[in-house]
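Thanks for making time, everyone. I would like to walk you through how a few helices in this model pack against one another, and I will explain each term as it comes up.

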Amino acid sequence: MRMVTASGRSRWPIVIGAAALVVAISGGIAYTATRPTPTPNAAAPSTATATPTPTPTSSTGTTGIGDDVAPTGCLGGQDRNVNMVLAAQADAKQTTYGAVETATAFYRFIWQYPYPSAEDANTITNEVMTANTPASYADLAGTYASTEDLTTGDVEPGTPFHLSTTNGLWLVAQDSTADRVTVNIAAGYVVNGELSPTKVTAQAFVMVWEGDAWHVEKGEQPDAEKLGAGGNRYTRGC
């Protein structure tokens with residue numbers, strides 16, 4: 001699978017493109033982001049709400065992290081590796097908050113350079129994605145192997161980067177249910193170890209509850225305008 005289409009657009013719907021958009025994700029600081037042109041077959045962005053509430057259901061199969069709490073943006077730990085993602089997935093409860101935390105851990109893992117190893121990428125594909133995830137999206141290892149610049153120009157190719165949720169935002173779609181939640185996330189770039197004052201990326205993830213855990217079904221174009229206008233801040237971030 002190639003991440004970049006024939007037109008040069010990323011198959012992963014990141015906030016990169018021609019039209020500029022300001023996303024305020026920190027007190028008084030406006031981060032500049034851009035909106036992508038949807039790729040063929042891309043799902044339309046979901047309508048979102050700025051004040052989602054957790055939707056507790058049966059606790060069967062969930063693991064204990066105490067009472068369900070607002071997303072920290074750092075569930076699973078500060079590392080950006082397989083263990084972090086799997087720990088977040090295991091600890092996240094069947095609530096909207098749990099879906100947000102798992103999606104955030106997944107995003108922190110996939111969006112970094114140097115890229116994760118093929119072995120680690122395949123583990124995340126097998127353990128975190130669903131059987132219904134499109135093959136082109138699920139092939140993380142193939143994407144990394146065929147893509148020189150994951151950010152399509154937002155960060156200079158070959159420059160180490162990762163995401164920070166410290167000043168990040170999250171928002172869930174209004175039509176989300178107890179076992180299917182669309183999570184919109186905006187996070188800042190850390191480039192060469194420094195949190196950028198101007199660079200941010202965003203993505204939406206469709207999360208489904210199956211096998212007593214949250215899994216990533218697919219990625220979608222994020223609703224960046226609503227993220228900027230009324231997204232929820234992580235309570236901690238990392």
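Helices α1 and α2 run roughly antiparallel to each other, because an angle over 145 degrees counts as roughly antiparallel (under 35 is roughly parallel, 65 to 115 roughly perpendicular, and the rest oblique). Their axes come within 8 Å and cross at roughly 170°, where an axis is a line fitted to C-alpha atoms, for helices over the stretch in contact, and the angle runs from 0 to 180 degrees between N-to-C directions. On the α1 side the contact is made by Val82, Met84, Val85, Ala88 and Gln89, and on the α2 side by Thr102, Ala105, Phe106, Arg108 and Phe109, contact meaning heavy atoms within 4.5 Å.

Before going on, please keep in mind that this is a predicted model, in which local features need pLDDT of at least 70 and side-chain atom pairs count only at pLDDT 80 or more, while totals for chains, interfaces and linings use all residues. Residues are numbered from 1 along each chain as its sequence is written, and side-chain values use heavy atoms, with hydrogens and water left out.

Now to the second partner of our helix. The axes of α1 (residues 82–91) and α3 (residues 118–128) come within 10 Å and cross at roughly 10°, which makes α1 roughly parallel to α3. Here Val82, Val85, Leu86 and Gln89 of α1 meet Asp120, Thr123, Ile124, Glu127 and Val128 of α3.

Is glutamine 89, which lies in helix α1, buried or exposed? Glutamine 89 is buried, with a relative accessible area of 9%; buried means under 20% relative accessible area, exposed over 50%, and partly exposed in between, using a 1.4 Å probe and protein chains only. Leaving aside neighbours within four places in sequence, glutamine 89 is in contact with Thr102, Glu127, Val128, Ala213, Trp214 and His215.

Finally, let us look at α3 itself. Its buried residues are Ala121, Ile124, Thr125 and Val128, and they cover an arc of only 110° around the axis, which puts them on the same side of α3; the arc is that of the directions from the helix axis to the C-beta atoms. An α-helix has 3.6 residues a turn, so residues three or four places apart point the same way. The face of α3 turned away from its buried side carries the exposed residues Glu119 and Asn126. What covers the buried residues of α3 includes α1, α2 (96–110), α4 (135–138), α5 (140–146) and β7 (213–220), with helices (H or I, at least four residues) and strands (E, at least two) taken as DSSP runs numbered from the N terminus.
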